[in-house]
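Let's take a friendly walk through this structure, looking at how its helices pack and where its charged side chains pair up. Have the view ready to rotate as you read.

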Amino acid sequence: MPVRFLIGRAGCGKTVHCLNALRDALRVSPLDGPRLILLVPEQVSLHMERSLLHGLVAAAAHRAEVLSFKRLAFRILASYGDDGRTAVTPTARAMMLRLLLARNAAHLLYYRQPETHPGFVDSVGRTITEFIEEAITPEDLDLSGDDDEPDRSLKMHDLRLIYAAYLDALGSDRLDPSQHLEVARNRIAACGWADGANVWVDGFAGFSRQERLTLAEIASRSNRVEISLLIDPAPPALGAPDMFSRTRRTLSELTERFTEQGIAIEPPLLFQAPPPRFANA
């Protein structure tokens, strides 16, 4: 259940630490024991699988899985069982949004003529994806005005109306692709998929709210979680720009989420300069 952050600059050994910890666990028992999960961004998952197996003497690596959040959601849902809802395709979602815009045209205050806004349907689709990923409901949208942007309240009114209509249109038998992680998170406790697991999280600059909630749910049921973050262990000089402000904010958000759920946070493991990867540069 404890969580430890791995803090260091690029090339200082955070990823090597995660891979070596996985390899050591596999050498002890490649088949039996709790799950070993390495959670990485989708675009590097194949590379990390190859890196994990490189130099591994064990005959099997059955316990270890390299997953992205998307693949993690599908693994949990496959373990729990399908809930019967069908995910809509991007084309189907665009058609649904066009239909909903036409039906609600009389109630729109700002986007009264969507056809005059090029790419409007695609833009609304991306906005809805962000709402879902950040666990924002239609009721969470702030309709108050803004002196710097007088049309803001009108825009938010329309987005709230369209978003609510879209969720209603999905009903109980359809699912937006962005909802897979939320559905999977709600099933972690029931399926026991993460119980006793050892988890390493590497390569992320930030996490959506759905991802943070998922990490907290996994951490509350796993044996141990380690999360690497690209941050200089030394604080920035007074008055100097902080190049790591985004990941520092990520660290703060994760710490807040884990603390709220009563998850123990161990002192961070600091990887000090100079980074070994660039020692001869």
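A good place to begin is the pair α4 and α5, the latter covering residues 120-133: these two helices pack with their axes 10 Å apart and at an angle of about 105°. An angle from 65 to 115 degrees counts as roughly perpendicular, and α4 and α5 are therefore roughly perpendicular to each other. On the α4 side, the residues that meet α5 are R93, A94, L97, R98 and L101. Facing them from α5 are F120, V121, V124, G125, I128 and T129. Sorted by class, this contact holds 7 nonpolar, 2 polar and 2 charged residues. Please keep in mind throughout that you are looking at a predicted model.

Stay with α4, which spans residues 90-103, and turn to α6, residues 152-170. Here the axes are 10 Å apart, and the packing angle is about 120°. That makes α4 oblique to α6, because the roughly perpendicular class runs from 65 to 115 degrees and the roughly antiparallel class takes angles over 145. The crossing itself is right-handed. Helix α4 brings R93, M96, L97, L100 and L101 to this contact, while α6 supplies I162, A165, Y166, A169 and L170. By class, the contact of α4 with α6 consists of 9 nonpolar residues and 1 charged residue, with no polar ones. If you go back to the α5 contact, you will find R93, L97 and L101 of α4 there, and R93, L97 and L101 also belong to the contact with α6.

Now move towards the start of the chain, to α1 (residues 14-28) and α2 (residues 45-53). Their axes come within 9 Å and cross at roughly 55°, and the two helices are therefore oblique to each other. As with α4 and α6, there is a handedness to note: α1 passes α2 in a right-handed crossing. The residues that meet are T15, L19, L22 and R23 from α1 and M48, S51 and L52 from α2. This contact divides into 4 nonpolar, 2 polar and 1 charged residues.

What about the charged pairs? The salt bridges come to a count of 13. One of them joins the side chains of R9 and D232, with N and O 3.1 Å apart. R9 sits in the loop between β1 (3-8) and α1, and D232 in the loop between β7 (224-230) and α10 (245-260), so this pair ties together parts that are 223 residues apart in sequence. How do the two partners differ in exposure, buried or partly exposed? R9 counts as partly exposed because its relative accessibility is 34%, whereas D232, at 18%, counts as buried. The cut-off that matters for D232 is that buried means under 20% relative accessible area.

A second salt bridge takes you back to α2, where E49 pairs with R71; their closest N and O atoms are 3.1 Å apart. Because R71 lies in helix α3 (residues 69-80) and E49 in α2, the pair ties together parts that are 22 residues apart in sequence. R71 is partly exposed, with a relative accessible area of 29%, and E49 is partly exposed too, at 26%.

For a third example, find E266 and R224, whose closest N and O atoms are 2.7 Å apart in a salt bridge. E266 belongs to the loop between α10 and β8 (269-271), and R224 to strand β7, so the pair links parts that are 42 residues apart in sequence. E266 has a relative accessible area of 27% and is partly exposed; R224, with 23%, is partly exposed as well. Follow this pair further and you reach a network of salt bridges that links R4, R224, E226 and E266.

Finally, zoom out to the whole chain. It has 10 helices and 8 strands, and its C-alpha atoms fill a box of roughly 65 × 55 × 35 Å along the principal axes. Of the 281 residues in the chain, 41% are buried. Among contacts between residues at least 6 apart in sequence, 81% join residues at least 24 apart.

How values were computed:
Residues are numbered from 1 along each chain as its sequence is written. This is a predicted model: local features need pLDDT of at least 70, side-chain atom pairs count only at pLDDT 80 or more; totals for chains, interfaces and linings use all residues. Side-chain values use heavy atoms; hydrogens and water are left out. Axes are lines fitted to C-alpha atoms, for helices over the stretch in contact, and angles run from 0 to 180 degrees between N-to-C directions. Helices (H or I, at least four residues) and strands (E, at least two) are DSSP runs, numbered from the N terminus. Angles under 35 degrees count as roughly parallel, over 145 as roughly antiparallel, 65 to 115 as roughly perpendicular and the rest as oblique. A crossing is left-handed if the near helix is turned anticlockwise from the far one by less than a right angle, and right-handed if clockwise. Contact means heavy atoms within 4.5 Å. Ala, Val, Leu, Ile, Met, Phe, Trp, Tyr, Cys and Pro count as nonpolar, Asp, Glu, Lys and Arg as charged, and the others, Gly among them, as polar. A salt bridge is a side-chain nitrogen of Lys or Arg within 4 Å of a carboxyl oxygen of Asp or Glu. Buried means under 20% relative accessible area, exposed over 50%, partly exposed in between (1.4 Å probe, protein chains only).
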